[in-house]
Amino acid sequence: MRISIIVPALNEQECITGTLRSLQELDGEKEIIVVDGGSSDQTESLARAQGARVLNAAPGRGTQMHAGALDATGDVLWFVHADTVPPAHALDEIGKHLEDPSIVGGNFGLLFDGPSRAAKQLTAIYPILRILGLCYGDSGIFIRRRIYDQIGGFRALALFEDLDLLRRLR
């Protein structure tokens, strides 16, 4: 199973290298696509230096992720935000879950980095949001390619493109 990892980016030079390094280290058949929304910093050159394929699209996560999906060659699309460090066995986990043909996609739990009160609160709240069916894009949504195409993919929404996709997925 080939997994296309799609990373929307806009002025992410502070974190893109670390994210891409962690994605490159994952075992499994993968391609990494960074979709830049018009960065004015070094995001594009840093992404290329890490071996990612870089595309350009109009700004907006939905627009950028959809552009990446259209260019992707994988059986599975995994959307990862530019400031995310994935679990070390993420590709294995995705593969294990998708062995069941009735499962069309999923996402990961989150830990927010840092000692701040806000980071701790968000980490505590996120499992509750998942129980309520509120899974946001920062949790690394993955979906079978054929299902993504069937439901029309990400829409060019200014906000909550992730919730819109998941609503249609359900």
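Strands β1 and β2 pair in the parallel sense, over seven bridges. Within this pairing, Ile3 stands opposite Lys30 of β2. The model is predicted. Its open sheet holds six strands in the order β3-β2-β1-β4-β6-β5. The pairing across this sheet is mixed. Strands β3 and β5 (residues 105–106) form the edges, and each pairs on one side only.

The protein has seven helices as well as six strands. From the N terminus on, the elements run β-α-β-α-β-α-β-α-β-α-β-α-α. The chain order thus ends with two helices in succession. Of the 170 residues, 45% are buried. The contacts with a separation of 6 or more are dominated by distant partners: 67% of them join residues 24 or more positions apart. The protein exposes about 8,700 Å². Carbon and sulfur atoms supply 54% of that area.

The largest nonpolar core has 23 residues. Ile5, Val7, Leu20, Leu23, Val34, Trp78 and Ile94 touch the most other members. Two or more residues come from each of β1, α1 (16–24), β2, β4 and α4. Strand β1 gives the most, with four residues. Another core, of 17 residues, lies apart from it. Ile33, Val35, Phe79 and Ile141 are among the members of this other core.

Leu20 illustrates the contacts made by a residue of the largest core. Residues up to four places away in sequence aside, Leu20 touches Val7, Ile32, Val34, Ala47, Gln50 and Ala52. Two of these partners, Val7 and Val34, are listed with Leu20 among the residues that touch the most other core members.

Helix α4 spans residues 90–97. Ala90, Leu91, Ile94 and Gly95 are buried in this helix. Seen down the axis of α4, the buried residues fall within an arc of 135°, so they line one face of the helix. Their cover includes β1 (3–9), β2, β4 (76–79) and β6 (142–144). Ile94 also belongs to the largest nonpolar core.

A search of the whole structure finds ten salt bridges. One of them joins Glu31 and Arg53, with the closest N and O atoms 3.2 Å apart. This pair links distant parts of the chain. Glu31 lies in strand β2 (residues 30–36) and Arg53 in strand β3 (residues 53–56), 22 residues apart. Glu31 counts as buried, at 6% relative accessibility. Arg53 is partly exposed, with a relative accessible area of 33%.

Two further salt bridges lie within helices. In helix α7 (residues 161–169), the side chains of Asp164 and Arg167 meet at 3.1 Å, N to O. These two residues are three apart, about one turn of the helix. Asp164 is buried, with a relative accessible area of 10%. Arg167 is exposed, at 53%. Elsewhere, salt bridges that share partners join Arg2, Glu29, Glu31, Arg53 and Asp71 into one network.

The other helical pair is Arg145 and Asp149, whose side chains form a salt bridge of 3.2 Å, N to O. Both residues lie in helix α6 (residues 145–151). Because they are four residues apart there, about one helical turn separates them. Arg145 is buried, with a relative accessible area of 17%. Asp149 counts as partly exposed, at 44% relative accessibility.

Leu70 is placed in helix α3 (residues 61–71). This leucine is exposed, with a relative accessible area of 58%. Leu70 and Gly153 are 83 residues apart in sequence. In space, their C-alpha atoms are 9.2 Å apart.

How values were computed: Residues numbered from 1 in each chain as written. Predicted model: local features only at pLDDT ≥ 70, side-chain atom pairs only at ≥ 80, totals over all residues. Heavy atoms only, no water. Buried < 20%, exposed > 50% of the residue type's maximum accessible area, 1.4 Å probe, protein only. Contact = heavy atoms within 4.5 Å. Areas by Shrake-Rupley, 256 points an atom, 1.4 Å probe, with all protein chains shown as cover. Salt bridge = Lys/Arg side-chain N within 4 Å of Asp/Glu carboxyl O. Arc of directions from axis to C-beta. Core = buried A, V, L, I, M, F, W, Y, C linked by side-chain atoms within 4.5 Å. Pairing = 2+ DSSP bridges.
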